[in-house]
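Reader: I'm new to reading protein models. Could you walk me through this one, a question at a time?

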Amino acid sequence: MCCFECCIKCLGGVPYASLVATILCFSGVALFCGCGHVALTGTVTMVENHFSHVTSDHATLTDVVQILQYIIYGIACFFFLYGIILLAEGFYTTSAVKEMHSEFKTTVCGRCISAMFVFLTYILGLGWLGIFGFSAVPVFLFYNMWTTCGAMKSPIANLTSVDNICVDVRQYGIIPWNATPGKACGSTLSDICNTSEFYLSYHLYIVACAGAGATVIALLIYVMATTYNFAVLKFKSYDHSHTTKF
């Protein structure tokens, strides 16, 4: 029975909300960073092979992609550490909140740290909401290209010349207007849609967008958990200080 009670007590001190949020955060960040990194590389390869034959025309795109990939490295490292810190903070505050039979102790510094985590997690959640919206942009661009290729295979497309159906990536600002060829039409466009770079990048962008959405949900759970723990810690410290006075 002592072993059973010890297990129950240990399970009672587990911050389940923070644990679920940590797993979801790690999964979402891993999907976003891993799939986003590979998808960006595939996008550059596709542009170099089919839309921009002059290196100087897509030099800016290559530099931007490299910067984004370095940012992805930083995001992965930061959130790996931040997730562990939040989980540890969840264990600490949950253990303090669950303590009923011994003297409750908390400090102003501890409450300030909890408040800082609430504020920082809220700001990061807003930032990831922007990342989620930004990651939907390449999905939209690839989806337009995918539907254009599908339109050429429909019976309606046979009424007109297939060569008139084109995709011009210059209008998206990916490469300058003087880039050659800059667009793909007809059978060339159909061949691009059948390449592994396009197929893989398109689906990886979708997974990366889903990973960013999962990270937003994880940070929302973190905000709720840390806010609740901070409120309970503040209430218990207030109640304990007034009890000791009497």
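What follows is a short chat about this predicted model, going from its overall layout to a few single residues.

Reader: Let's start simple. In what order do the helices and strands run from the N terminus on?

Author: Count the pieces before you order them: the protein chain has 6 helices and 2 strands. Now walk along from the N terminus, and the elements read α-α-α-α-β-β-α-α.

Reader: What does UniProt say about transmembrane regions, and how much of residues 19-47 is helix in the model?

Author: The unreviewed UniProt entry annotates "transmembrane region" at residues 19-47, 67-92, 113-143 and 204-225. Take residues 67-92 as a warm-up: that stretch has 0% strand, and its end C-alpha atoms are 37 Å apart. Over residues 19-47 the end C-alpha atoms are 42 Å apart, strand is 0%, and helix is 100%.

Reader: Which elements give two or more residues to the largest nonpolar core?

Author: That core has 47 residues, and Phe 51, Phe 79, Trp 128, Met 145 and Leu 189 have the most contacts inside it. The elements giving two or more residues to this core are α2 (16-50), α3 (59-98), α4 (108-153), α5 (186-193) and α6 (196-245).

Reader: Is Cys 35 buried or exposed?

Author: First find it: Cys 35 is in helix α2. Beyond residues up to four places away in sequence, Cys 35 touches Ala 30, Leu 204, Val 207 and Ala 208. Its relative accessible area is 14%, and since the cut-off for buried is under 20%, Cys 35 is buried.

Reader: How far apart in space are Cys 35 and Leu 200?

Author: Along the sequence you'd have to travel 165 residues to get from one to the other. In space, though, going C-alpha to C-alpha, Cys 35 and Leu 200 are 9.6 Å apart.

Reader: Which element supplies the largest share of the lining of the largest pocket?

Author: The largest pocket holds about 810 Å³ of space. Two or more lining residues come from each of α2, α3, α4 and α6. There are 34 lining residues, with Leu 40, Leu 68, Phe 134, Pro 138 and Tyr 205 nearest the centre. The largest share is 10 residues, and it comes from α4.

Reader: Now the loop between β1 and β2. Why does Arg 170 count as buried or exposed there?

Author: Arg 170 is in the loop between β1 (166-168) and β2 (183-185). Leaving aside neighbours within four places in sequence, Arg 170 is in contact with Ile 175, Pro 176, Trp 177, Ala 179, Pro 181, Gly 182 and Lys 183. Its relative accessibility is 15%, and the cut-off is under 20%, so Arg 170 counts as buried.

Reader: And what about Pro 181: how accessible is that one?

Author: Pro 181 is in the loop between β1 and β2 too. With a relative accessible area of 35%, which lies between the 20% and 50% cut-offs, Pro 181 is partly exposed.

Reader: How far is Pro 181 from His 53, C-alpha to C-alpha?

Author: Pro 181 is in contact with His 50, Phe 51, Ser 52, His 53 and Arg 170, leaving aside neighbours within four places in sequence. From the other side, Phe 51 touches residues including Pro 181, Gly 182 and Lys 183. Pro 181 and His 53 are 128 residues apart along the chain, yet their C-alpha atoms are separated by 7.4 Å.

Reader: Last one: what percentage of the residues is buried?

Author: The protein chain exposes about 14000 Å², with carbon and sulfur atoms supplying 72% of that area. Out of the 246 residues in the protein chain, the buried ones make up 39%.

Methods: Residues numbered from 1 in each chain as written. Predicted model: local features only at pLDDT ≥ 70, side-chain atom pairs only at ≥ 80, totals over all residues. Heavy atoms only, no water. Core = buried A, V, L, I, M, F, W, Y, C linked by side-chain atoms within 4.5 Å. Buried < 20%, exposed > 50% of the residue type's maximum accessible area, 1.4 Å probe, protein only. Helix = DSSP H or I, 4+ residues; strand = E, 2+ residues; numbered from the N terminus. Contact = heavy atoms within 4.5 Å. Areas by Shrake-Rupley, 256 points an atom, 1.4 Å probe, with all protein chains shown as cover. UniProt positions renumbered as here; feature names shortened; annotations may be inferred. 1 Å grid on protein atoms, 1.4 Å probe; cavity = no way out; pocket = protein on both sides within 12 Å on 5 of 7 lines; lining within 4 Å. Points joined across faces, edges and corners; volume = space filled by probe spheres on them.
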